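Colleague: Could you walk me through this one? I would like to ask some questions as we look at it together.

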There are 4 protein chains.
Amino acid sequence: MKERERDVMFIHLDFESEEPIYTQLIHQIIEGIAKKELLPGDPLPSVRAMAADIGINLHTVNKAYQHLKQEGFILIHRQKGVVIHPEGVSKADATYMEKVKRKLRPFIAESICRQVSEEDFLKQCQELFSEFKKDKEGDAK
Amino acid sequence: MKERERDVMFIHLDFESEEPIYTQLIHQIIEGIAKKELLPGDPLPSVRAMAADIGINLHTVNKAYQHLKQEGFILIHRQKGVVIHPEGVSKADATYMEKVKRKLRPFIAESICRQVSEEDFLKQCQELFSEFKKDKEGDAK
Amino acid sequence: MKERERDVMFIHLDFESEEPIYTQLIHQIIEGIAKKELLPGDPLPSVRAMAADIGINLHTVNKAYQHLKQEGFILIHRQKGVVIHPEGVSKADATYMEKVKRKLRPFIAESICRQVSEEDFLKQCQELFSEFKKDKEGDAK
Amino acid sequence: MKERERDVMFIHLDFESEEPIYTQLIHQIIEGIAKKELLPGDPLPSVRAMAADIGINLHTVNKAYQHLKQEGFILIHRQKGVVIHPEGVSKADATYMEKVKRKLRPFIAESICRQVSEEDFLKQCQELFSEFKKDKEGDAK
DNA sequence: GTGGTCTAGACCACG
DNA sequence: GTGGTCTAGACCACT
């Protein structure tokens, strides 16, 4: 559909999206972790390499990496390079669940206005969960 | 405990939020409709009145109204002014559900990374649905 | 479709349209003349009556009538009231055709972009012409 | 012989016109596309550059661009900037043809009143179509 | 009074 | 540098 997209590793960006590129990159990497395509300790390309691979600006990659580091998804060693956090991300706490709820509210409100039943909405969520789980099984990479 | 907040009608804005004011306003009005606080045909304040009430610029209100009009939530009637769309918003279609799913994906991915179980996530959604429904019951206004 | 519309005589207004009410009224009356529902010399309701009938402001009707008078579609006698111009509207001149062409250009440009063939576009025009003619035949009112 | 006119690229605005500047700009760009002066993928000046070039406010340009983006004529690409939609605008559907017909009706009605024959009217349309096509032929740019 | 348009200047996020 | 947001003040058309 879209006119130009880049595919490197499993990174898939949409340069026409409203969503900033650096957040797209953050989400793609988090999805990779969720799908177990990226396992604790796995290396990630350096800022330079990633930027060159997917054809974006260094600063953009750096911004994404800094954010991921901040949130505990990755570690940035000056020598070992960038790796997925070996001990996994910190578990969800009440604060996190509150944040999710706050972000979810507008979607649920609009869905109610558009007569989406609670069941249908939950089904969408379940489908998404399945989407992440199915890649996990039998993936011994 | 934010520095500046305004409360008018049921509109509650957070001027410190990253979220643009106009989108906050959009979401608040959609939530009002979802909660049946705003019923089809109900009038909304004029851009000027709303802007004065909540202490923001009229252009910001106008931007929100234009978006809501575009999305079919409100009508701008030459005589009655701004009103909640009398026939309700158009029901969700496949395109809408796809959009929801696309927006939901990052939250679910991160939740999985943070070891939120599918059950817990769904429970959050259900709570949000309850939040909208409870205001509805017994509201014979 | 629309939530509220008024029907008086053959006047049909859409209060939610972008098009100002007074221009809608002008167009409706011109269409009436084109369809021979309104013949030269036929009376039109007074400003007051028309305004009351279709539920709009006096000024709005007056603005429409003044425009129609200016363009030669109607005559406004202080005593005989408002009548369709007995001698018909002045025939199209080069200036008029230029105006039509100027107004038509954007529609044709967009239609070309949207791959509407010249034949299809002309067919639409022909259909509209037919629409006006069919009311004419056999109408001995 | 208007007082103030600006000519940049092929953009030609009439500041004395009733038609809002931003719609004039929209129409000019659509005409450029229709005439193949602007081809899919071609870049458009940034809002600031365009505003400076044609001597209007950048917000006015932005409004036009937003509308064109909304309608699918252009894309706002995070890297390439503003470009003509590479895949062309979506083809006309029934809804679009209805809109055209609705907009055309008043012109045809008035033309009938002014005794313009169907043939003459269609000829005007054909001339406009030719106007757009002639620029296309032999343009191997 | 309303909304629509245009201008203008400012700040910020993004790349 | 870009576009996005917010503010502000002005004028106009419409009702």
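Colleague: What kind of axis relates chain A and chain B?
Modeller: Keep in mind that this is a predicted model. Chain A can be laid on chain B by a turn of 180 degrees and a shift of 0.1 Å along the axis, with an RMSD of 0.4 Å. That is the relation of a two-fold axis.

Colleague: Which residue of chain A comes closest to that rotation axis?
Modeller: Going by C-alpha positions, the distance to the axis is 3.2 Å for the residue of chain A that comes closest. That residue is L122(A).

Colleague: Which element supplies the largest share of the side of chain A that touches chain B?
Modeller: On this interface, 35 residues of chain A are in contact with 35 residues of chain B. Helices α1, α4 (94-113) and α5 (118-136) of chain A each supply at least two residues of that side. The largest share is 15 residues, and it comes from α4(A).

Colleague: How many residues of that side of chain A, the one that touches chain B, are nonpolar?
Modeller: By class, the side of chain A that touches chain B has eight charged and five polar residues. The nonpolar residues there come to 22.

Colleague: And what percentage of the interface residues of chain A are also interface residues in chain B?
Modeller: The copies meet through the same surface. This follows because the share of interface residues of chain A that are also interface residues in chain B is 100%.

Colleague: How many residues of chain A are in contact with chain D?
Modeller: From chain D, six residues take part in this contact. They divide into two nonpolar, two polar and two charged. On the side of chain A, the number is four.

Colleague: Back to a single chain: how far apart are the C-alpha centres of the two domains of chain A?
Modeller: Chain A has five helices and five strands, and they run β-β-α-β-α-α-β-β-α-α from the N terminus. The chain is divided into domain 1 (5-84) and domain 2 (94-136). The C-alpha centres of these two domains of chain A lie apart by 25 Å.

Colleague: What share of the residues of chain A count as buried?
Modeller: To be buried, a residue needs 20 or more other C-beta atoms within 10 Å of its own. Of the 141 residues of chain A, the share that count as buried is 32%.

Colleague: Which residues have the most contacts inside the largest nonpolar core?
Modeller: That core has 73 residues. Another core lies apart from it, with 72 residues, including L25(C), C113(C), I26(D) and V89(D). Inside the largest one, those with the most contacts are I108(A) and I108(B).

Colleague: Which residues does I108(A) contact, leaving aside its neighbours within four places in sequence?
Modeller: Its contacts fall in chain A and in chain B. In chain A there is F121(A). In chain B the contacts are C125(B), L128(B), F129(B) and F132(B).

Colleague: Is V89(C) buried or exposed?
Modeller: V89(C) is found in the loop between β5 (81-84) and α4 (94-113) of chain C. It touches G72(C), F73(C), C113(D) and R114(D), not counting residues up to four places away in sequence. With 21 other C-beta atoms within 10 Å, and 20 being enough to qualify, V89(C) is buried.

Colleague: How does V83(D) come out: buried, exposed or partly exposed?
Modeller: V83(D) is found in strand β5 of chain D, and its contacts beyond four places in sequence include G41(D), P43(D) and I74(D). A buried residue needs 20 or more other C-beta atoms within 10 Å, and an exposed one has 12 or fewer. V83(D) has 18, so it is partly exposed.

Colleague: Now the DNA: which element supplies the largest share of the surface near DNA strand E?
Modeller: Of the 23 residues around DNA strand E, I21(A), S46(B), P20(D), I21(D) and N57(D) come nearest. By class, this surface has 11 nonpolar, 10 polar and two charged residues. Its largest share is three residues, from α2(B).

Colleague: And which element does so near DNA strand F?
Modeller: Around DNA strand F there are 23 residues, of which P20(B), I21(B), N57(B), I21(C) and S46(D) come nearest. They divide into 11 nonpolar, 10 polar and two charged. Here the largest share, three residues, comes from α2(D).

Key. Residues are numbered from 1 along each chain as its sequence is written. Chains are lettered from A and ligands numbered from 1 in the order in which they are written. This is a predicted model: local features need pLDDT of at least 70, side-chain atom pairs count only at pLDDT 80 or more; totals for chains, interfaces and linings use all residues. Helices (H or I, at least four residues) and strands (E, at least two) are DSSP runs, numbered from the N terminus. Domain bounds come from an automatic or database domain assignment. Two residues are in contact if their C-beta atoms, placed from the backbone, lie within 7 Å. Ala, Val, Leu, Ile, Met, Phe, Trp, Tyr, Cys and Pro count as nonpolar, Asp, Glu, Lys and Arg as charged, and the others, Gly among them, as polar. Copies are superposed by least squares on the C-alpha atoms of residues with pLDDT of at least 70 in both. A nonpolar core is a set of buried Ala, Val, Leu, Ile, Met, Phe, Trp, Tyr and Cys residues joined through C-beta atoms within 7 Å. A residue is near a molecule or strand if its C-beta atom, placed from the backbone, lies within 6 Å of it.
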